[in-house]
Amino acid sequence: MSWLHDMTLGGAVPVSREQLANDFHVGGERFPLVDRGRGIRKPAGWSAALSIMTAAPSSGRARPYADEEGPDGLHRYKLRRDQGGTAENQALRTAMRQQAPLIWFYGLQPGLFQAIYPVYLSAEEPTLDQFVLALTDDQRTVRPGSPVEDTFRRYLIAETKRRLHQPVFASQVMLAYETRCAVCALGHRELLDAAHIIPDSDPRGLPVVPNGLALCKIHHAAYDQNILGIRPDYVVEIHHRLLDELDGPMLLHGLQDHHNASLMRLPRQRIDRPDPQRLLERYNQFRAA
């Protein structure tokens, strides 16, 4: 997990199947973190699993296993249903009994994964062929299926959003924008954010790429504070009170020069481009400010 932390900049950068299969070593020996063709990694000689995988959809299809959240806000992970999965499923049960930390590789696109760690298995639901995943220490205290006070349930769902949906959304946005700021094309991942057009605090602020923009930190802050607006035709506007202000090269080149200029970077695939209706709603808030 320490190696993954360094490799992924703390979970900000996706990791490829090839890296997971070839780049980690123990005592000079290659030690794969995933198995080819298998979603559950149980190293030879281990009783418990090391990692689990959720495959990415391909060619517009749904994911092959329907992992999802339950009404308690906890995520579920499906068992292998084929005969060959018996040993892997048993390794998950051992990890659950031992409360061993697991690494979860969540597919972004074929061969590319978001690394989420540590996660724990808190229960098995055998009639549904699935385990219950706990992504935080608080989630580990919940007995799945037991009544949960509504405020605490909302908190658990928010924790699932923070540990799963937000980092997956950020990585998908960065992939779509090729790790470049939409406004200025800055290309350093450490200085980029995945911004929501409709905020994620709004029930309609879904963590989907058409509701996202890759923005450097200054343009993200300017967008959130209604200093910078983006029209549905992908043209930038800067708030009028800043346009005549003199305050050095950062204001001049970082903001004023982008007024009435088109976005410098958009996703290549039209399906990933910012949704004009969402942009219009957000732009109207900018105009009102």
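R231, D233, E237 and R287 are wired together in a network of salt bridges. They belong to a predicted model whose salt bridges come to 17 in total. Below is a quick tour of a few of those pairs, helix α3 and its surroundings, strand β6, two nonpolar cores, and some backbone oddities.

**Salt bridges**

- Start with R93 and E124, whose side chains meet in a salt bridge at 3.0 Å, N to O. Since R93 sits in helix α3 and E124 in strand β8, this pair ties together parts that are 31 residues apart in sequence.
- Neither partner of that pair is tucked away completely: R93 is partly exposed, with a relative accessible area of 22%, and E124 is partly exposed too, at 24%.
- R153 and D150 make a salt bridge as well, again 3.0 Å from N to O. This one is local: the two residues are 3 apart in helix α5, which puts about one helical turn between them.
- That spacing fits a simple rule: an α-helix has 3.6 residues a turn, so residues three or four places apart point the same way.
- For accessibility, R153 comes out at 27%, which counts as partly exposed, and D150 at 37%, also partly exposed.
- D202 pairs with R204, and their closest N and O atoms are 3.0 Å apart. D202 is partly exposed at 22% relative accessibility, while R204 is partly exposed at 44%.

**Helix α3**

- Helix α3 covers residues 86-98, 13 residues in all, and spans 18 Å from first C-alpha to last, close to the 18 Å expected at 1.5 Å a residue.
- Which of its residues are buried? E88, N89, A91, L92, T94, A95 and M96 are.
- Those buried residues pack against a whole run of strands: β4 (40-41), β5 (51-54), β6 (75-78), β7 (102-109), β8 (112-125) and β9 (130-134).
- R93, the salt-bridge partner of E124, is in this helix too, but R93 is partly exposed.

**Strand β6**

- β6, one of the strands that α3 packs against, is covered on both faces: H75 and Y77 on one side, R76 and K78 on the other, and all of them are buried.
- The two-sided pattern has a familiar background: in a regular strand the side chains alternate between the two faces of the sheet.
- How many bridges join β6 to β9? There are 4, and the two strands run antiparallel. Y77 has F131 as its bridge partner in β9.

**Nonpolar cores**

- The largest nonpolar core has 31 residues, and L215, Y223, L228 and L255 touch the most other members.
- Several elements each supply at least two residues of this core: α5, β10, β11 (212-216), α6 (217-224), β12 (228-230) and β13 (236-238). Helix α5 gives the most, with 5 residues.
- L215 has plenty of company. Leaving out residues up to four places away in sequence, L215 touches C181, A182, V183, L191, L192, D193, A195, H220 and Y223.
- Another core, of 23 residues, lies apart from the largest one, and its members include I52, A91, M96 and I116. A91 and M96 are also among the buried residues of α3.
- As a general backdrop, nonpolar side chains tend to be buried together in soluble globular proteins.

**Backbone oddities**

- Worth keeping in mind here: most residues other than glycine have a negative phi, and most peptide bonds are trans.
- Q99 has a positive phi of about 50 degrees although it is not a glycine. Q99 comes just after α3, in the loop between α3 and β7, and is partly exposed, with a relative accessible area of 28%.
- T179 is another non-glycine with a positive phi, this time about 55 degrees. Where is T179? In the loop between α5 (150-176) and β10 (192-196). T179 is partly exposed as well, with a relative accessible area of 25%.
- A cis peptide bond joins Y117 and P118, with omega at about -10 degrees. P118 lies in strand β8, the strand that also holds E124.

Methods
Residues are numbered from 1 along each chain as its sequence is written. This is a predicted model: local features need pLDDT of at least 70, side-chain atom pairs count only at pLDDT 80 or more; totals for chains, interfaces and linings use all residues. Side-chain values use heavy atoms; hydrogens and water are left out. The expected span of a helix is 1.5 Å times one less than its number of residues. Buried means under 20% relative accessible area, exposed over 50%, partly exposed in between (1.4 Å probe, protein chains only). Contact means heavy atoms within 4.5 Å. Two strands pair if DSSP finds at least two bridges between them. A nonpolar core is a set of buried Ala, Val, Leu, Ile, Met, Phe, Trp, Tyr and Cys residues joined through side-chain atoms within 4.5 Å. A salt bridge is a side-chain nitrogen of Lys or Arg within 4 Å of a carboxyl oxygen of Asp or Glu.
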